[in-house]
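Trainee: Can we go through the terms used for this model and see what backs each one?

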Amino acid sequence: MPGIATPPAQTVPPPVAPPTATLRTTTDPSPLEPAQTGVWLAIGTICMSFAALTSAMVVRQGAAQDWRHFPLPHLLYVNTAVLLASSGTLEWSRRRITVARLAGLSGVYLTLALGLLFVTGQVIAWRQLAAQGLFLATAPSSAFFYVFTALHGLHVLGGLAALLYVLRRLRRIGGPAPGVALRAAALYWHFMGALWLYLLVILATRV
Amino acid sequence: MSQTTAHHHAPPRGFLRTHVFSVDHKVIGKQYLDLALVAVCTGMVLSWLMRFHLAWPETPIPGLDRVSPNGAAGGVITPEYYLALMTMHGTIMVFFVLTTAPFAGFGNYFLPIQVGAEDMAFPRINMASFWVTLLAFLVLVSGFVVGDGPPLSGWTAYAPLSAVGKDAGPGQGVGQTLWAVSITLFCVAQLLGALNFITTTLDLRTKGMSLARMPYATWAWFITSVIGLIAFAVLMPACILLILDRVAGTSFFIPGGLVISDRLQPHSGGSPLLWQHLFWFFGHPEVYIAILPGFGIISQILPVFARKPLLGPRVLIACLIAIAFLSYTVWGHHMFLSGMSPFSATLFSVPTLVITIPATIVTLLWIGTIYGAKLRFTTPALFCLGFVSVFVSGGISGFFLAQPSIDTYLHGTYFVVGHFHFVMGVAAMFGIFAGTYFWAPKMFGRLMNETLGKWHFWLTFIGVYCVFMPMHFLGLAGNVRRYSAFTDDYLKPMIPLHQFITIAALFTGAAQLIFLVNLVRTRLRGPKAPDNPWEATTLEWSTTSPPPFDNFGGRPPVVHRGPNEYGATAGGSDYVMQASPQSAGPA
């Protein structure tokens with residue numbers, strides 16, 4: 001057409017590869033361990049549950065004037081030290097135990113004992129509160145205290161069951177990859193300690 | 001490698017280990033589907049009873065007085081028993097059908113095969129997950145025979161009605177406690193299931209199965225699992241608090257000074273709104289837990305019968321992820337009428353409107369996929385098209401409800417009933433039907449009857465439109481929901497339309513017998529299915545029908561391409577399977 005410059009001659013572009021060619025082609029199976037992934041996911045979902053309960057506590061505290069502050073039993077701090085120590089003994093054990101060597105097995109037994117001591121300590125703390133007349137339904141603050149500590153305690157008992165399972169696997173060295181189970185159980189156990197520290201902080205500041 | 005550590009169990013021996021307490025994901029998947037089948041039949045019968053009563057409120061239903069002498073004396077349903085039926089219908093359908101079948105059922109059976117794994121990452125946990133789900137179902141339906149009947153606080157169990165106990169009416173004693181225990185158990189089961197699904201997807205993919213090459217159904221199950229892992233983690237503690245309010249005398253959800261049945265309730269300071277927030281923080285994502293597997297199933301099946309690649313597969317995945325994220329920002333739109341400030345309502349309204357964007361894009365991708373295609377009109381293809389139709393019909397009414405000013409009028413009416421039944425109930429059911437017809441050859445090794453399938457589709461498709469479309473008009477006319485009978489003068493003129501809906505519901509329900517007959521006949525003596533009857537590309541079609549115990553006969557497949565290789569190829573066939581080393585791609 002007049003007035004329009006003739007476009008320069010175009011070179012034919014080379015054929016474009018189909019879009020699938022851009023996909024990753026060297027895809028080996030994932031190096032992740034299912035047990036480890038499973039525990040991380042469990043940690044995520046447990047965090048979500050306790051986050052929901054925390055938000056419920058904040059809302060409930062603001063909903064009415066019946067919130068009643070009370071001092072936490074001092075035993076809880078001793079229990080905290082016991083739980084943190086149990087994390088230490090398990091970590092000590094995890095670093096020493098290999099598939100071929102069971103030198104650190106005593107650390108797992110010690111962790112089990114400390115874990116049980118923690119749960120027992122929590123029950124005693126409950127009884128101390130009950131002796132002061134603070135029960136589940138006494139006040140919203142005591143209700144949240146019992147709910148938080150009971151749910152955490154149940155999760156700790158689950159961790160103890162996992163450690164018993166790991167012990168069984170470790171003692172039967174022929175079983176498949178006991179180290180995997182130990183690593184996963186240790187991750188869960190350390191999380192139990194971290195979760196308790198969080199709960200202690202919100203209980204100490206809010207209840 | 002994780003592949004070697006994943007599959008610890010040997011092939012089972014004995015009937016119990018093979019078919020009942022099996023750790024095989026395929027058996028567990030079928031168990032979930034069978035449970036959902038029992039549940040959907042139960043839920044549908046309950047809906048028939050409600051519909052019959054709404055249309056002919058004074059006509060006795062023969063035999064019902066024997067089921068519930070108090071709730072239906074003389075065969076006529078009392079208002080309380082109507083609410084009990086409604087509660088059980090909603091709870092059974094949402095939890096034990098719409099969550100159980102498309103997510104837990106099909107997901108269990110096909111997710112491991114589609115990623116090329118031998119089984120789920122944690123087979124024993126998988127088995128526990130099913131049995132806890134079954135226990136939850138039994139606990140729930142035991143409400144029909146224990147105490148004074150099922151609860152009447154709806155599937156949302158709003159406090160304080162759900163929290164105060166037997167003073168609140170029949171079924172609010174033992175029945176409501178059973179409800180709360182059942183849902184707590186269900187949460188535990190689904191959390192275990194979601195954990196398994198995610199781990200299997202992340203860790204057990206076979207060689208070559210990159211995330212970009214995963215089939216769309218697997219993507220949908222994976223994303224649904226992530227939603228479930230968060231949503232059920234919130235509902236579970238909420239149910240625990242509800243149980244404590246009911247049995248331990250706490251006051252999480254019950255306010256002070258509450259008088260029910262002339263009795264001052266011994267509680268103080270609780271917040272009923274707290275329950276609503278916790279419930280809907282779960283409840284809205286639950287809508288997507290029900291429908292996203294359907295998205296995945298449709299996205300996987302449509303290209304098979306369009307013989308074309310799915311349009312924009314990466315856009316689809318991005319939209320699914322966007323929906324999953326946004327689903328956690330919209331729960332307040334269920335609470336516009338709960339005294340929410342207009343400012344908060346706007347905050348929840350905006351993401352509610354925004355979430356329609358990815359949902360619309362997905363719908364356009366499906367329509368773009370079938371545009372210009374030479375569709376093979378098989379039964380699964382018809383149900384896919386039906387899914388798109390009902391999802392659009394139900395979705396469009398969502399635009400109206402997302403706006404607080406309009407929702408204020410419509411929220412308590414049949415408009416909402418029509419909306420959510422279309423977009424969540426019927427659409428998800430069509431996804432389940434599409435999946436059943438599509439995968440039956442693989443699951444049972446037998447082909448379903450196509451003629452019966454097409455009759456089933458057309459009768460159901462026409463039927464559901466007759467049932468749920470008029471509800472929108474009823475709602476616009478101000479017909480309130482949750483009423484057991486329409487005795488007010490302004491409601492009486494609407495009864496003829498209710499009678500039409502009831503007849504349509506009975507008719508549509510009867511049409512499901514065609515499906516049942518087809519399914520039972522197929523499982524017992526249908527014609528043997530070839531390995532890949534639909535000429536599909538994903539890994540489940542690379543193995544035998546049904547697959548062997550370890551899915552691939554000891555030879556894990558190697559994946560060479562994505563699931564979307566439909567269209568003309570150099571080799572003459574119009575598709576290339578994921579496990580095929582053949583190098584030809586679509587022309």
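What follows is a short exchange on packing, burial and backbone geometry.

Mentor: Keep in mind that this is a predicted model. Start with chain A.

Trainee: What is the secondary structure of chain A?

Mentor: Chain A has 5 helices and 0 strands. From the N terminus the elements read α-α-α-α-α. Of the 207 residues in chain A, 34% are buried. Among contacts in chain A with a separation of 6 or more, 77% join residues 24 or more positions apart.

Trainee: Why are H1(A) and H8(B) called oblique?

Mentor: Helix H1 of chain A (residues 34-63) packs on helix H8 of chain B (residues 216-247) at about 45°, with axes 8 Å apart. Roughly parallel needs an angle under 35 degrees, and roughly perpendicular runs from 65 to 115. The angle of about 45° fits neither class, so H1(A) and H8(B) are oblique. Their crossing is right-handed.

Trainee: Which residues meet there, and how do they divide by class?

Mentor: On the H1(A) side, they include A:Leu41, A:Gly44, A:Met48 and A:Ala52. On the H8(B) side, they include B:Leu229, B:Ala233, B:Pro237 and B:Leu241. By class, the contact of H1(A) with H8(B) has 13 nonpolar, 3 polar and no charged residues.

Trainee: What makes H10(B) and H12(B) roughly antiparallel?

Mentor: Helix H10 (residues 313-326) and helix H12 (residues 356-370) of chain B pack at about 155°, with axes 9 Å apart. The cut-off for roughly antiparallel is over 145 degrees. The angle of about 155° passes that cut-off, so H10(B) is roughly antiparallel to H12(B). The crossing of this pair is left-handed.

Trainee: Which residues of H10(B) and H12(B) meet?

Mentor: H10(B) brings B:Val315, B:Leu316, B:Cys319, B:Ala322 and B:Ile323. H12(B) brings B:Pro358, B:Ala359, B:Ile361, B:Val362 and B:Leu365. The contact of H10(B) with H12(B) has 10 nonpolar, no polar and no charged residues.

Trainee: How do you know that the length of H17(B) agrees with its residue count?

Mentor: Helix H17 of chain B (residues 495-525) has 31 residues, which should span 45 Å at 1.5 Å a residue. Its end C-alpha atoms are 45 Å apart, so the two values agree.

Trainee: Which residues of H17(B) are buried, and what covers them?

Mentor: Among the buried residues are B:His498, B:Ile501, B:Ala505, B:Phe515 and B:Leu519. The cover includes helices H3 (25-55), H15 (414-444) and H16 (450-476) of chain B.

Trainee: Why is B:Ser261 called exposed?

Mentor: Exposed means 12 or fewer other C-beta atoms within 10 Å. B:Ser261 has 11, so B:Ser261 is exposed. This serine sits in the loop between strands E1 (259-260) and E2 (263-264) of chain B. Phi of B:Ser261 is near 55°, a positive value in a residue other than glycine.

Trainee: What makes B:Glu535 partly exposed?

Mentor: A residue is buried at 20 or more such neighbours and exposed at 12 or fewer. B:Glu535 has 15 inside 10 Å, so B:Glu535 falls in between and counts as partly exposed. B:Glu535 lies in the segment after H17 of chain B. Its phi is also positive, near 55°.

Trainee: Where are the peptide bonds to B:Pro160 and B:Pro546, and what is omega in each?

Mentor: The bond from B:Ala159 to B:Pro160 is cis, with omega near 5°. B:Pro160 lies in the loop between helices H6 (123-141) and H7 (174-203) of chain B. The bond from B:Ser545 to B:Pro546 is cis, with omega near -10°. B:Pro546 is in the segment after H17 of chain B.

Key:
Residues numbered from 1 in each chain as written. Chains lettered and ligands numbered in written order. Predicted model: local features only at pLDDT ≥ 70, side-chain atom pairs only at ≥ 80, totals over all residues. Axes fitted to C-alpha atoms, helices over the stretch in contact; angles between N-to-C directions. Helix = DSSP H or I, 4+ residues; strand = E, 2+ residues; numbered from the N terminus. Left-handed = near helix turned anticlockwise from the far one by under 90°. Contact = placed C-beta atoms within 7 Å. Nonpolar A, V, L, I, M, F, W, Y, C, P; charged D, E, K, R; others polar. Expected span 1.5 Å × (residues − 1).
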